[in-house]
Amino acid sequence: MRSPKDFFRPLAVGAPDPVREIPFRPSRMIHFFDPSNEKMAAKVPDLLAKADVVLGNLEDAVRADRKVAAREGLVRVGRATDFGDTQLWTRVNSLDSPWVLDDLITLVTKIGDKLDVIMVPKVESAADIHYVDRLLAQLEARAGLTRPILVHALLETAAGVANVDDIATASPRMQGISLGPADLAASRRMKTTRVGGGHPGYLVRTDPLGDDLTAGRTTYQQDLWHYTVARMVDACAAAGILPYYGPFGDIADVVACEDQFRNAFLLGCVGAWSLHPRQIEIARRVFSPDPAEVAWARRVIEAMGDGTGAVMLDGKMQDDATVKQCRVMVELADALAARDPELARAYSEDANRG
């Protein structure tokens, strides 16, 4: 067993020191693009003002005969683009694929100075992260990188969910975890072909009013992903890393997409994937606290003074626990306002009205 003191030592001679705390950078939407698609890749510079994260996808949705083209396309985009405050991520191929080793070697050595995070799909245990961790350290040393590339795990198998606590704490590189509902549904043998969202068959029904078992009974569709998202959020919060909802596949159903994103936001997720530009705006809206709620939170913090005791504010009791909740909201708002001038104005206006 390694000593805990070794946890923050480089895993390869010449590799950068591991980070001791994952920095919070706004990542309300992780916007996917296919680097093998020249038209899509050409739009990346235009996305930088809209998306907190752009992710060059090398895995699912890229055909086998386009894998090399996607990898090379991402290198071109990385070299040619000044990303500014927008993060550049990639999703490499799965660890059991014939492409992943070349993905990691090529990307780290050629654009490692531009890459912020590498998303690893189908992570099932801490051992998967340990493998990537050591390999990245060796490649960073080879490339002469001065900062470590972070790792994001994709939770999309039953084994991954069962081992999520170990995955979350497997390496100082761990930046966060995303839910991958489609592959997870297949792994669990769930009977749905949808990518994220609910299912009309997954419901509860009100009790019968009498002997007639059909009359007057209302049904309510339930969230298939509530348990897994909550489980993932707890694991991430305990490890000091960030949880994300994954894809919502029905691009046309912007209403249900917003509902799913908001459920994830309320449960503690900091962002979600966007597969189409219209989902960028949904994620921006949902994962940014409402200005009125931010103004209220600031009032509570001010009224609570040193944060101890209890006060009555507009007929509602506020105490130590509620001020902690309010600080979560305000700290997130401040972080987003630093990147988003429109939000900064909205938060300032509501604070002045308050």
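Author: UniProt positions are given in the numbering used here, with shortened feature names, and the annotations may be inferred rather than shown by experiment. Under "binding site", UniProt lists Arg91 and Glu156 in an unreviewed entry. The model is predicted, so local features need pLDDT of at least 70 and side-chain atom pairs count only at pLDDT 80 or more, while totals for chains, interfaces and linings use all residues. Residues are numbered from 1 along each chain as its sequence is written, and side-chain values use heavy atoms, with hydrogens and water left out.

Reader: How do you know that Arg91 and Glu156 gather at one spot?

Author: They span 66 residues in sequence, yet no two of their C-alpha atoms are more than 13.7 Å apart, so they gather at one spot. Both Arg91 and Glu156 are in the lining of the second largest pocket. A pocket is an open set of points on a 1 Å grid over the protein atoms alone, where a 1.4 Å probe fits, with protein on both sides within 12 Å along at least five of seven lines; lining residues have an atom within 4 Å of a point.

Reader: Why is arginine 91 called buried?

Author: Buried means under 20% relative accessible area (1.4 Å probe, protein chains only). Arginine 91 has 6% relative accessibility, so arginine 91 counts as buried.

Reader: What makes glutamate 156 buried?

Author: Its relative accessibility is 3%, and therefore glutamate 156 counts as buried. Leaving aside neighbours within four places in sequence, glutamate 156 is in contact with residues including Asp183, Leu184 and Ser187. Contact means heavy atoms within 4.5 Å.

Reader: Where do the two residues of the "binding site" lie?

Author: Arginine 91 is in strand S3 (residues 87-91), and glutamate 156 is in the loop between strand S5 (150-155) and H6. Helices (H or I, at least four residues) and strands (E, at least two) are DSSP runs, numbered from the N terminus.

Reader: How do you know that the buried residues of H8 are on the same side?

Author: The buried residues of helix H8 (residues 181-188) are Pro181, Leu184 and Ala185. They cover an arc of only 105 degrees around the axis, so they are on the same side of H8. The arc is that of the directions from the helix axis to the C-beta atoms. These buried residues pack against H6 (158-162), S6, H9 (226-239) and S9.

Reader: What makes S6 and S9 a pair?

Author: Two strands pair if DSSP finds at least two bridges between them. 3 bridges join S6 (residues 174-179) to S9, and the strands run parallel.

Technical notes: Buried means under 20% relative accessible area, exposed over 50%, partly exposed in between (1.4 Å probe, protein chains only).
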